Amino acid sequence: MTRIFAGPGRYIQSAGALAQLGEEIVQHGNSAFIIADDTVWNLIAETVEESFEGTAGTLDRVEFGGECSTNEIDRLTAAATDFEADTIVGIGGGKTLDAAKSVGARQDLPVGSVPTIASTDSPTSSISIIYEDDGTFANAEQHYSHPAFVLVDTAVIAAAPTRWFVSGIGDALATWYEAQAVWNSGGTTVFDHRPTYAGRALARTCHQLLRDHAEGAVQAVESGSVTESVEAVTEAAILLSGLGFENGGLAAAHAIHDGLTALPETKSSTHGEKVTVGLLAQLLLDGATDETIDDVVAFATSVGLPTGLADLGVNDPSDAELREVGRLATAPDEPISNMSMNISPEQIAEVLRVLDDL
C-alpha cells in the first residue's frame with residue numbers, strides 16, 4: 001500500500017521567535033490577514049507590528065470568535081476576502097489555528113500557524129477540528145495543504161497558564177500508543193494510507209522526550225522560565241506529535257475524545273485532558289498489561305493530567321450518557337477503526353466506568 005509523509009513547509013522555534021513573524025510572512029505574500037482573539041492580540045500586538053517594520057508587508061487583524069465552527073469560518077473567510085489578503089495567519093490556541101487553516105483552504109492561500117500555547121498538536125497539521133456553535137464536536141476537515149510555516153515562541157508558551165502546557169503533554173502522550181495501534185492493526189493514517197516508518201519513529205521520539213523532560217518542563221513553566229526541558233516538550237507537543245499523529249495514525253484515544261465532547265460537564269476540559277482519558281480507555285480496550293496502565297496513570301498524575309471521568313468533572317454519569325459517548329466514538333468516520341478489534345459503544349461505556357474504579 002502507498003505510504004505518504006507530509007508536514008508543514010517550515011518550523012521555527014525559539015524564545016523570541018515572534019519578532020521574526022513579519023519577515024517570515026513576506027516570504028509568502030504582502031497582505032497578511034491575522035486571526036487572533038482580543039486576549040492574545042493585546043499580549044503580542046506590539047511585537048507582531050514591530051516585526052513588519054522594514055518589510056513590504058501589511059496586516060489586518062480580525063477577532064476570533066472563540067469557536068472553530070462553520071459559521072465562524074464563513075465569517076472570517078468573508079472578512080479575508082474584503083481585505084484582499086494573500087496570506088492567512090492564525091495566532092493563538094488550537095481552535096484559532098484550525099479556523100485559520102480552514103479560511104486558507106477556502107481561499108487557496110498560504111497559512112501561517114503561530115501557537116501561543118502548546119496545548120495541542122494542531123499547529124503543524126493539515127486538519128481543522130470543526131465544532132458546533134455550542135462546542136460539540138462536528139467533524140474534521142482534511143485540507144490538501146499544510147501550514148506554509150509554523151512559528152513557536154517558547155517565551156510566549158512558557159508565560160501562558162501551565163494548564164495549557166500540561167494539556168499539550170496529554171495530547172502528545174497518546175501519539176505513540178495510537179501509532180503503535182495503527183501499525184499493528186494494519187490501519188491507515190489521516191491520508192488514508194499506511195503509516196510511514198518515519199512517522200512511527202517520530203511518534204516514538206515524541207514519547208521519549210515527554211518521559212525524559214515533562215516533569216521538569218512543567219515546573220519551569222510554572223515559574224515562566226524557558227529551559228531546555230521546556231524547549232524539548234514544546235517540540236514534542238507541537239512538532240513531533242503533529243507529524244507523528246498525521247504520519248503514524250490515530251486510534252481509539254482521539255475517537256473517545258470526540259465522544260466525550262457530548263457530555264456537557266467536559267466542556268470546561270481541554271482537548272489534551274480528554275485525550276488522556278481516551279488513551280487510558282484505549283489501553284484497557286486493547287488489553288494492555290497492568291504494568292503499562294499503571295505506568296501511564298503514574299505519569300499522567302505526575303504532570304497533573306486526569307485519569308478518569310471524575311477528573312473531567314463527570315460524576316455519576318448515566319448508562320445512556322456513556323453509551324452516547326461510545327456511539328459517537330464508534331461512528332464510521334472515527335479512527336477507532338484503526339484498532340485491531342471491533343469495539344462497541346457498550347465496551348467504551350464499560351471501560352470509562354472502570355477507569356474511575358481504578
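Select G287 first: this residue, placed just after helix α10, takes a positive phi of about 70°. The model you are viewing is predicted.

**Helix α10**

Step back from G287 and select residues 271-285, which make up α10. The 15 residues of this helix should span 21 Å at 1.5 Å a residue, and the end C-alpha atoms are 21 Å apart, so the two values agree. Colour α10 by burial and 14 of its 15 residues come up as buried.

**The nonpolar cores**

Next, show L260 with its surroundings. Leaving out residues up to four places away in sequence, L260 touches T266, K274, V277, L309, L312, V325 and L352. L260 also belongs to the largest nonpolar core, which has 60 residues. Add F165, I169, L210, I256 and L352 to the selection; together with L260, these have the most contacts inside that core. Which helix gives the most to this core? Select residues 162-185: this is helix α6, and it contributes 8 residues.

Another core, of 19 residues, lies apart from the largest one. To find it, select I25, W41, A45 and I91, which are among its members.

**The parallel sheet**

Now switch to a cartoon view and look for the open sheet of 6 strands. Its order is β1-β8-β5-β4-β2-β3, and the pairing is parallel. Which strands stand at the edges? Select 11-14 for β1 and 58-63 for β3: each has a single partner strand, so one side of each is left without a neighbour in the sheet. On average, neighbouring strands here are turned by 15° against each other, direction ignored.

Begin at the β1 edge. The partner of β1 is β8, residues 149-153, and 4 bridges join the two parallel strands. Pick Y11 to see it standing opposite V150 in β8. Then select residues 228-248, which form helix α8; this helix lies across β1, β5 (111-115) and β8, and runs at about 155° to β1.

Move on to β2, residues 31-36. All 6 of its 6 residues are buried, so the strand is largely enclosed by the rest of the structure. Show the side chains: S31, F33 and I35 point one way, while A32, I34 and A36 point the other way. In a regular strand, side chains alternate between the two faces of the sheet.

On one side, β2 pairs with β3 in the parallel sense over 6 bridges. Pick A36 and find its bridge partner in β3, E63. The chain gets from β2 to β3 through α2, and this β-α-β crossover is right-handed. β2 is also joined to β4 by 4 bridges, again in parallel. Here F33 has I88 in β4 as its bridge partner.

**Helix α4 and its cover**

Select residues 94-107 for helix α4. Its 14 residues should span 20 Å at 1.5 Å a residue, and the end C-alpha atoms are 20 Å apart, which agrees. How many of its residues are buried? The count is 11 of 14; among them are L97, D98, K101, S102 and V103. The elements covering these buried residues include β2, α3 (70-83), β4, β5, β6 (127-131) and β7 (137-142). Just after α4, pick D108, which takes a positive phi of about 55°.

**From T70 to the hairpin**

Go to T70, in helix α3. T70 has a relative accessible area of 40%, so it counts as partly exposed. Draw a distance from T70 to S102: their C-alpha atoms are separated by 9.3 Å, although these positions lie 32 residues apart along the chain count. Outside its neighbours within four places in sequence, T70 is in contact with I130 and Y131.

Those contacts lead on to β6. In this strand, 4 of the 5 residues are buried, so β6 is largely enclosed by the rest of the structure. β6 pairs with β7 in the antiparallel sense over 5 bridges, and the bridge partner of Y131 in β7 is F137. The two strands form a hairpin with 5 residues between them. End the tour in that turn, at G135, which has a positive phi of about 95°.

Conventions: Residues are numbered from 1 along each chain as its sequence is written. This is a predicted model: local features need pLDDT of at least 70, side-chain atom pairs count only at pLDDT 80 or more; totals for chains, interfaces and linings use all residues. Side-chain values use heavy atoms; hydrogens and water are left out. A nonpolar core is a set of buried Ala, Val, Leu, Ile, Met, Phe, Trp, Tyr and Cys residues joined through side-chain atoms within 4.5 Å. Buried means under 20% relative accessible area, exposed over 50%, partly exposed in between (1.4 Å probe, protein chains only). Contact means heavy atoms within 4.5 Å. The expected span of a helix is 1.5 Å times one less than its number of residues. Two strands pair if DSSP finds at least two bridges between them. Axes are lines fitted to C-alpha atoms, for helices over the stretch in contact, and angles run from 0 to 180 degrees between N-to-C directions. A crossover is right-handed if, with the strands pointing away from the viewer, the path from the first strand over the helix to the second runs clockwise.
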